[in-house]
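User: Could you take a close look at one helix and its surroundings for me? I'd like a connected picture that I can follow with the model open.

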Amino acid sequence: MATPQEMRPSAVPWPALLFVAALATGVLLGRLYPLPWPGLDDLAARAIGYGLGVAGIALMTWGTVTLYRANTTVLPHKRADRLVTHGAFRFRRNPIYMGEVLLFLGLAQATGNIWLAILAPLFAVAVLGLAIMPEERHLEARFGEAYLDYKARTRRWF
């Protein structure tokens, strides 16, 4: 009989819920308690901010396409059918979540809402605890040494 970790990483799709909650919170805080944008708001700062957002979208897309092409789930609370170690997952174990954090930073720049930048690391910590750690336990239970080898040679985040 399969262990709970082998069945699926979580019963709740935490990443999507956390993303929407953090985004809604950032927008609400920006409207209720607007804070001034720190630093410069010049062309260079905008290019960096927009670049982070575009990089985030690109990472999220690349990671999602890689999972689809591997014929495994993109839903973080469902059982993984295959260990994906190529494409975006060759460089980082969590490119989609990394992309979401970068997207928060890009949206902060695009909207001038510093709350989104403040919430980006909080979102990352919440995803780490509620999604990534359970996913890692699930992948280790499902794929054993193959996952441990991948984990040893591939960084989780930045």
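Analyst: Happy to! A helix here is a DSSP run (H or I) of at least four residues, and helices are numbered from the N terminus. Please keep in mind that this is a predicted model. Let's look at α5, which covers residues 114-153.

One residue within α5 is Leu-128. With a relative accessible area of 27%, Leu-128 is partly exposed, because that class runs from 20% to 50%. Leaving aside neighbours within four places in sequence, Leu-128 contacts Met-133, Pro-134, Arg-156 and Trp-157. Gly-30, by comparison, is 98 residues away from Leu-128 in sequence, and their C-alpha atoms are 25 Å apart in space.

Now step past the helix. Thr-154 sits in the segment after α5. The relative accessibility of Thr-154 is 5%, so this residue counts as buried, the cut-off being under 20%. Not counting residues up to four places away in sequence, Thr-154 touches Phe-89, Arg-90, Phe-91, Arg-92 and Arg-93.

The helix also takes part in the largest pocket, which holds about 610 Å³ of space. This pocket is lined by 32 residues, and Leu-67, Val-74, Pro-76, Tyr-97 and Glu-135 are the closest to its centre. Two or more lining residues come from each of α2 (14-32), α3 (43-69), α4 (95-111) and α5. Among the contributors, α5 gives the largest share, seven residues. By class, the lining of the largest pocket is made up of 20 nonpolar, six polar and six charged residues.

Key
Residues are numbered from 1 along each chain as its sequence is written. This is a predicted model: local features need pLDDT of at least 70, side-chain atom pairs count only at pLDDT 80 or more; totals for chains, interfaces and linings use all residues. Side-chain values use heavy atoms; hydrogens and water are left out. Buried means under 20% relative accessible area, exposed over 50%, partly exposed in between (1.4 Å probe, protein chains only). Contact means heavy atoms within 4.5 Å. On a 1 Å grid over the protein atoms alone, a cavity is a set of points where a 1.4 Å probe fits but cannot get out, and a pocket is an open set with protein on both sides within 12 Å along at least five of seven lines; lining residues have an atom within 4 Å of a point. Grid points are joined across faces, edges and corners, and a volume is the space filled by probe spheres set on the points. Ala, Val, Leu, Ile, Met, Phe, Trp, Tyr, Cys and Pro count as nonpolar, Asp, Glu, Lys and Arg as charged, and the others, Gly among them, as polar.
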